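Student: I have a model open and want to go through it with you. Where should we start?

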Amino acid sequence: MSSIVENSSAVQSGNARARSLALEKVRSLGATATSPVDYHSAGRLLILGDASRAVPLAKRLRESLQCTYLNSHEPEAEGVIVHGDADGIRVVVADLTGLDGYLGAFTATVREREQEANLAQLLGAGDEYFDLVLDLGMPPRVDREILPPGYFAPGEDEAAVTRAVEDLPGLIGEFEKPKYFQYNPDICAHGASGMEACSRCLDACPTEAIASVGDRVAVDPYLCQGGGSCATVCPSGAMSFTYPAVRDLLEKVRAVSRHFHEAGGRDPVILFHDPTTARSLPDDVGRVPGHIIPIEVEEIGAVGIDAWLASLAYGFCQVLLLVPPAIPPRIRHALQEQMLYAGAVLEGIGYSANRIRLVESPVDKDLLAQLQSLTPEPGIQPASFAPMDEKRTILRLAIDHLYRHAPAPVSVAPVPAGASFGEILVDQDACTLCMACVGVCPTMALSDGHDVPQLRFDEWNCVQCGLCESACPEEAITRNPRFIYDPELRRRTRVLNEDEPFFCVSCGKPFATRSVMDKMAKKLKDHYMFQTLEAKRRMRMCEDCRVRDLFRKEAGGAGPKLGAH
């Protein structure tokens with residue numbers, strides 16, 4: 001027994017040395033710069049809430065900030081009543097109907113003579129916005145998991161009120177933050193032709209910075225605070241995190257794994273954490289088991305399925321995500337949902353779903369004890385592919401590597417509904433090859449047969465958004481979530497439906513399929529407009545010949561007689 005303990009201790013000691021060396025080697029690796037987002041604040045503060053709390057606080061803040069107290073609790077107030085500056089505080093009585101914005105650009109709307117008006121503009125002085133808001137109301141006017149910068153809603157928590165009063169005077173001047181996201185509308189699966197499909201980024205955003213704009217989405221960079229869950233849940237990679245970019249993060253992960261193994265380390269486990277949860281780690285990293293390697297990221301919610309599976313492919317036995325107790329519910333849900341999909345992909349070929357797991361940053365527990373109790377999974381031979389900023393490519397490379405070394409490889413396995421992998425099934429009897437589905441597919445998973453009536457499908461490109469299903473007028477399409485592991489099978493373009501072309505009876509050009517023309521003739525056989533031979537023949541012409549034939553008829557039959565094809 002003692003020899004086993006001594007051997008285990010020696011391994012951990014060797015792992016700790018390898019970890020220190022690996023982390024030192026990658027210390028200089030940086031992140032690609034991203035563009036900044038600028039805020040400008042002149043210190044115009046709007047205070048909301050009960051006067052007994054709001055006015056004393058305004059008096060404390062009036063020396064450093066331009067304070068406006070809005071009393072929206074006066075039942076007898078009609079329109080907007082301004083009491084002027086009382087002790088350096090402007091008091092307004094009005095019915096607040098809306099509040100939105102961010103640091104330097106808050107818009108408060110009030111009711112004025114049965115209409116809504118911008119309060120800052122009504123007060124004059126050329127102002128259009130308030131820079132800051134202290135909302136003492138219950139519930140607060142803005143209800144989001146992550147509040148806008150410059151908006152303080154401490155509720156009845158007096159300690160939070162004290163912190164707000166201390167922080168507000170410092171929010172005068174110019175401020176800068178990174179632009180955290182990058183959006184590529186060309187591969188966005190949000191919508192097409194007025195139909196909405198994927199709304200995952202909107203549902204996952206804890207700041208509500210993302211809005212639907214027709215067939216695409218728009219992100220307000222001033223509201224976005226880098227939660228990263230939008231990129232984590234995006235099936236196509238249209239939304240990506242840029243601080244750091246996935247490529248930069250995975251370059252560091254790959255380098256750490258390589259240096260750790262070269263230094264003799266065994267069975268490494270990667271622990272992603274953000275600056276908030278770093279405080280729950282032991283001060284002395286040496287107390288953490290030697291095979292667990294902490295990697296700090298800007299936001300834990302931005303580390304998604306592509307980074308998890310790539311980390312496993314780069315030689316880590318397990319991926320741990322250290323989440324804080326106060327993690328926004330939308331971010332937690334996004335991580336748990338994506339872990340469900342990643343676990344299914346792993347289990348399909350014999351790996352344990354526990355290779356990716358959340359670790360709670362405890363309030364009343366010792367994190368060190370949690371980490372020491374984890375049983376590492378078997379090692380995986382590290383991959384050598386280069387990281388890049390393309391989600392689907394990273395996933396393909398990572399899963400291909402895991403498949404080559406899988407404990408129980410299979411060609412195909414099911415995944416839960418909602419995963420961004422799968423096929424579509426087409427009812428060939430109902431499909432008319434109208435190609436409406438091809439027209440709305442955002443990822444080119446569906447294509448036509450060019451010169452032949454065919455519906456073709458590339459499964460790896462399909463993100464299961466459902467636009468094709470919604471666009472099909474015949475309701476001939478259904479989705480089937482699954483994962484194809486076999487690269488040869490996955491790369492194969494399949495023909496989902498095909499038909500014999502129908503040629504124009506006038507010019508001989510193919511313009512429809514035989515089945516479409518047969519169905520059309522059947523539907524119109526009793527229609528009064530298609531009872532003559534001339535009308536029936538015109539129905540079998542292409543659009544150009546049909547128009548020319550109608551003009552000839554109106555011109556009295558001038559021109560050469562059309563012959564049958």
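Tutor: Start with a cut-off: buried means under 20% relative accessible area. Keep in mind that this is a predicted model.

Student: Which residues of α7 are buried?

Tutor: Helix α7 covers residues 246-262. Apply the cut-off of under 20% along that helix. The buried residues are V246, D248, L249, L250, V253, R254, A255, V256, S257, H259 and F260.

Student: How far apart are the end C-alpha atoms of α7, and what span is expected?

Tutor: Helix α7 has 17 residues. The expected span takes 1.5 Å times one less than the number of residues. That gives 24 Å, and the end C-alpha atoms agree, at 24 Å apart.

Student: Is α7 roughly parallel or roughly antiparallel to α9?

Tutor: Helix α9 is residues 305-313. It packs with α7 at about 20 degrees, the axes 10 Å apart. Angles under 35 degrees count as roughly parallel, so α7 against α9 is roughly parallel.

Student: Which residues of α7 and α9 make the contact?

Tutor: Contact needs heavy atoms within 4.5 Å. On the α9 side, D306, A307, A310 and S311 take part. On the α7 side, the residues are V246, L249, L250 and V253.

Student: How many disulfides are there?

Tutor: A disulfide needs two cysteine sulfur atoms within 2.5 Å. For C431, the nearest cysteine sulfur is that of C472, 6.4 Å away. For C434, the nearest is also that of C472, 6.1 Å away. Neither C431 nor C434 is in a disulfide, and the count is zero.

How values were computed: Residues numbered from 1 in each chain as written. Predicted model: local features only at pLDDT ≥ 70, side-chain atom pairs only at ≥ 80, totals over all residues. Heavy atoms only, no water. Helix = DSSP H or I, 4+ residues; strand = E, 2+ residues; numbered from the N terminus. Buried < 20%, exposed > 50% of the residue type's maximum accessible area, 1.4 Å probe, protein only. Axes fitted to C-alpha atoms, helices over the stretch in contact; angles between N-to-C directions. Parallel < 35°, antiparallel > 145°, perpendicular 65-115°, else oblique.
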